[in-house]
Amino acid sequence: MTSLLDSFNRIHNYLRISVTDRCNFRCSYCLPAISDSKKQAGMQANGIDLKPRQQILTFDEIYRVAKILSELGVNKIRLTGGEPLARKDVEALIIRISSLYNIKTIGMTTNGYYLAEKVELLKNSGLTHLNISLDTLNPSRFKEITLRDGLDKVMKGIYSAIDAGFDALKLNVVVIRGFNDDEILNFVDFVQDKPIQVRFIEYMPFKNNSWREDGFVPYDEIKNNISYKYDLITSDGSKVSKDFSIDGFVGSVGFITSISNHFCGTCNRLRMTADGHLKTCLFSNDEVSIMALLRNGASDDEIKSLILDTLKQKNEMHNGIAGLLKSENRSMLQIGG
């Protein structure tokens, strides 16, 4: 087995695969703003052109990529989108990936809207880890950010996921000043008696996602907000999350500090977009088309060679806010959450 090493000796054992660029929500930090021309035309959809279905990886192609990368050393895979549960029969893909000999965990990041009706099927198909994106516990705010009236369905999905008993269950909360920063403690209190880690994620700039400096709440501020009420006890975290427990809590707290306190030095992630492009960094616009090789008769060895060569070009770290704001990187929806 070949280690997926970059030129800085970082081992990459984690693959995030976007299975679709479709989503039933319209969150502003994920989708680019609607262009003026679309507004004038009366269009209310998101501000990107979705890929035709023939330009999205098939399940056979996704499985082949997963198999190739598992042979190179990947042992953890997460399915993302868009909204992965918006893709029909995604559980069939989970079953196939779970059969790969080197894969130890299979996760999914979902907005939770379809979760209650799918959760048992997902668990029985081999899904081990589940992240649910939820930025507010307030119904009116939920509708404001998602442009959908569905908080009740998401909450039902959360409770169904608890009952299903995944190896790990997390709530992802993007914190935006002036929008939901007053709910930080509400989320902490929510997991007090639940086996959930609430993860507060710094608001990250992507192409045309209306990122603004005055909306950014850094990790230290979020953590201090919680520390006024609770003593946070440092836990063994992952390569990307700063994790804490609270005495007497069933749940826990984590922080994703991509902007104020980056973790580039321990990054172990590769990303495959729904249209088959390999990205070695979430914040870089450097990417290479694996789909082109898949659909032009390339062998597994040729694909492996391209992946290894691409990984060697990975930057040591991202460029910080100033650089990210100037980047021509794709939107979060196009990359995969």
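Biologist: What makes the contact between Lys153 and Glu117 a salt bridge in this predicted model?

Modeller: The closest N and O atoms of Lys153 and Glu117 are 3.8 Å apart. The cut-off is 4 Å between a side-chain nitrogen of Lys or Arg and a carboxyl oxygen of Asp or Glu, so the pair qualifies. Lys153 belongs to helix α6 and Glu117 to helix α4, and therefore the bridge ties together parts that are 36 residues apart in sequence.

Biologist: How do you know whether Lys153 is buried or exposed?

Modeller: Its relative accessibility is 34%. Buried requires under 20% and exposed over 50%, so Lys153 is classed as partly exposed. Glu117, in contrast, has a relative accessible area of 58% and is therefore exposed.

Biologist: Which residues are joined into one network by salt bridges that share partners?

Modeller: The network consists of Lys67, Glu71 and Lys304. Within it, the side chains of Lys304 and Glu71 meet at 2.9 Å, N to O. As Lys304 is part of helix α10 and Glu71 part of helix α2, this pair ties together parts that are 233 residues apart in sequence. Lys304 has 17% relative accessibility, which is under the 20% limit, so it counts as buried.

Biologist: What makes Asp300 and Arg64 a salt-bridge pair, and how far apart in sequence are the parts that they tie together?

Modeller: Their side chains come to 2.8 Å, N to O, which is within the 4 Å cut-off, so the pair is a salt bridge. Asp300 lies in helix α10 (residues 300-312) and Arg64 in helix α2, so parts 236 residues apart in sequence are tied together. Asp300, at 27%, is partly exposed, and Arg64, at 24%, is also partly exposed. By this rule the structure has 16 salt bridges.

Biologist: Why is there no disulfide between Cys264 and Cys281?

Modeller: A disulfide needs sulfur atoms within 2.5 Å, whereas the sulfur of Cys264 is 6.2 Å from that of Cys281, its closest cysteine sulfur, so the two are too far apart for a bond. For Cys267, the closest cysteine sulfur is again in Cys281, at 6.6 Å, which is also too far. The structure holds 0 disulfides. Cys264 is nevertheless buried, at 11% relative accessibility, and Cys267 is buried at 14%.

Biologist: Why are the buried residues of helix α3 said to lie on the same side?

Modeller: The residues concerned are Val90, Glu91, Leu93, Ile94 and Ile97. They span an arc of only 150° around the axis, which places them on the same side of α3. They pack against α2, β2 (76-80), β3 (105-110) and α4 (115-125).

Biologist: What makes Ser160 count as buried or exposed?

Modeller: Ser160, in helix α6 (residues 151-164), has 17% relative accessibility, and since this is under 20%, it is buried. Beyond its neighbours within four places in sequence, Ser160 contacts Ala116 and Val119.

Biologist: Which residues touch the most other members of the largest nonpolar core?

Modeller: They are Leu79, Phe200 and Ile226, in a core of 93 residues. Helix α2 (residues 59-72) supplies the largest share of this core, 8 residues. Not counting residues up to four places away in sequence, Ile226 touches Ile184, Leu185, Val188, Phe200, Leu232, Val253 and Phe255.

Notes
Residues numbered from 1 in each chain as written. Predicted model: local features only at pLDDT ≥ 70, side-chain atom pairs only at ≥ 80, totals over all residues. Heavy atoms only, no water. Core = buried A, V, L, I, M, F, W, Y, C linked by side-chain atoms within 4.5 Å. Buried < 20%, exposed > 50% of the residue type's maximum accessible area, 1.4 Å probe, protein only. Helix = DSSP H or I, 4+ residues; strand = E, 2+ residues; numbered from the N terminus. Contact = heavy atoms within 4.5 Å. Arc of directions from axis to C-beta.
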